[in-house]
Amino acid sequence: MKTATFIEPGKMELREYPKPQIQSETDAIIKIVRACVCGSDLWWYRGISQRPHNTPVGHEAIGIVEEVGAQVKNVQPGDFVIVPFTHGCGHCAACLAGFDGDCLNEGDETNGGYQGEYLRFQNAHWALVKIPGTPSDYTDDQLNDLLTLSDVMATGYHAATSAEVKAGDTVVVFGDGAVGLCGVIAAKLLGAQRIIAMSRHEDRQQLAQEFGATDIVPERGEQAVQRVLELTSGNGADAILECVGTEQSVDTAIKVGRPGAVVGRVGIPQKAEMNTNNLFWKNIGLRGGIASVTTDDQKVLLDAVLKGTIHPGKVFTKRFKLAQIQAAYEAMDQRKAIKSLLIVSE
């Protein structure tokens, strides 16, 4: 089988691997239908973070179950499924509390290989999210909507719920990539009245407004803080979604909140240390982390997509065949695509 492989910073290749096999009674083998490139993939693609060279990559997909282990009962061969980047077991303390992204029984080798023809998925009994019917029952746009539920839409929603967004709130969203844009969708879904999107790119600004953003702020740093305070009559926002992970983004997010606001943080941290003293002086809360993909898909997001309430698949602005993996990464790296879609099989 062919799978996208990270060779070195700036270089991707499609390489041949043995087809994966069932190794545990909780495994499933998935034939991938669609996958995609994530903004977090760019950190190691650009050489900013470390990843072993010559390793399979990818952590977002939808596909067809081909084979299951003996303990997998919730899905069967032939089922159409969302393949989350999380592999929650469903019964540990973390999963039972609704934080399956931090599953205490997550297996090894769970993040990699989704940008390929086949994948071994662990904890398949609970973590896979079954989609009614087959891929042919859905339009191209609907398939893209479903694909976002493997990561970016669930991550944007996790930012919003971590920030405790509620009806009538004023919300600020940091990050105009796919996760930030899905955060706008999530804030709207949860009833936010005003959504301020921090963006300086016209195509992303337009999509943010289509998703429900009421205001666009292109400034950064202290200028951004002053602009948000102006828009909120000096009060600050009720909830802040931090979907970037840089020191500046987190620092600015803390400063734009009203006293008692909560920052929902899902941007992968890019610095080990951070001064949290500013949280104290305004009673600002900071929480968040790895998304609860299976939990939120099952409770809210799959139903919202199937009913047509949300359309997060619009974040895919360029599509590629699996053989075009280098071009797919380059398009995102060069901001020619908000998110690159990979068509693996029909």
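Student: Which side chain makes a polar contact with the side chain of His 59?
Tutor: This is a predicted model. In it, the side chain of His 59 makes a polar contact at 3.1 Å. The partner is the side chain of Asp 151.

Student: Where is His 59 found?
Tutor: Look at strand E4 (55–56) and strand E5 (61–68). His 59 is in the loop between strand E4 and strand E5.

Student: Is His 59 buried or exposed?
Tutor: Buried means under 20% relative accessible area. His 59 has 6% relative accessibility, so His 59 counts as buried.

Student: Which helix gives the largest share of the largest nonpolar core?
Tutor: The largest nonpolar core has 54 residues. Among the members that touch the most others are Ile 62, Leu 146 and Met 153. The largest share of this core is 8 residues, and they come from helix H6 (residues 178–189).

Student: How many residues are in the second, separate core?
Tutor: Its members include Ala 35, Val 81, Leu 128 and Tyr 329. This second core has 40 residues.

Student: Leaving aside neighbours within four places in sequence, which residues is Met 153 in contact with?
Tutor: Contact means heavy atoms within 4.5 Å. With those sequence neighbours left aside, Met 153 is in contact with Thr 148, Cys 182, Ile 185, Ala 186, Leu 301, Ile 310 and Pro 312.

Student: How many aromatic pairs does a search of the whole structure find, and what is the geometry of Phe 6 and Trp 44?
Tutor: The search finds 5 aromatic pairs. Phe 6 and Trp 44 form a pair at 4.8 Å centre to centre, with 65° between the planes. Planes over 60 degrees apart count as edge-to-face. The whole structure has 5 pairs, and the pair of Phe 6 and Trp 44 is edge-to-face.

Student: How many residues apart are Phe 6 and Trp 44?
Tutor: Phe 6 is in strand E1 (residues 2–8), and Trp 44 is in helix H1 (residues 41–45). The pair links distant parts of the chain, 38 residues apart.

Student: Why does the pair of Tyr 45 and Tyr 329 tie together distant parts of the sequence?
Tutor: Tyr 45 and Tyr 329 form a tilted pair, 5.3 Å centre to centre. Tyr 45 lies in helix H1 and Tyr 329 in helix H12 (residues 325–333), so the pair ties together parts that are 284 residues apart in sequence.

Student: Which residue lies over the face of Trp 44?
Tutor: Trp 44 is buried. Ring pairs link Trp 44 into a cluster with Phe 6, Tyr 45 and Tyr 329. At 5.0 Å from the ring centre of Trp 44, the residue over its face is Arg 51.

Note on methods
Residues numbered from 1 in each chain as written. Predicted model: local features only at pLDDT ≥ 70, side-chain atom pairs only at ≥ 80, totals over all residues. Heavy atoms only, no water. Helix = DSSP H or I, 4+ residues; strand = E, 2+ residues; numbered from the N terminus. Buried < 20%, exposed > 50% of the residue type's maximum accessible area, 1.4 Å probe, protein only. Polar contact = N/O pair within 3.5 Å; in protein donor to acceptor, adjacent residues only side chain to side chain. Core = buried A, V, L, I, M, F, W, Y, C linked by side-chain atoms within 4.5 Å. Phe/Tyr/Trp six-rings, centres within 6.5 Å; stacked < 30°, edge-to-face > 60°. Lys NZ or Arg CZ within 6 Å of the ring centre and 35° of its normal.
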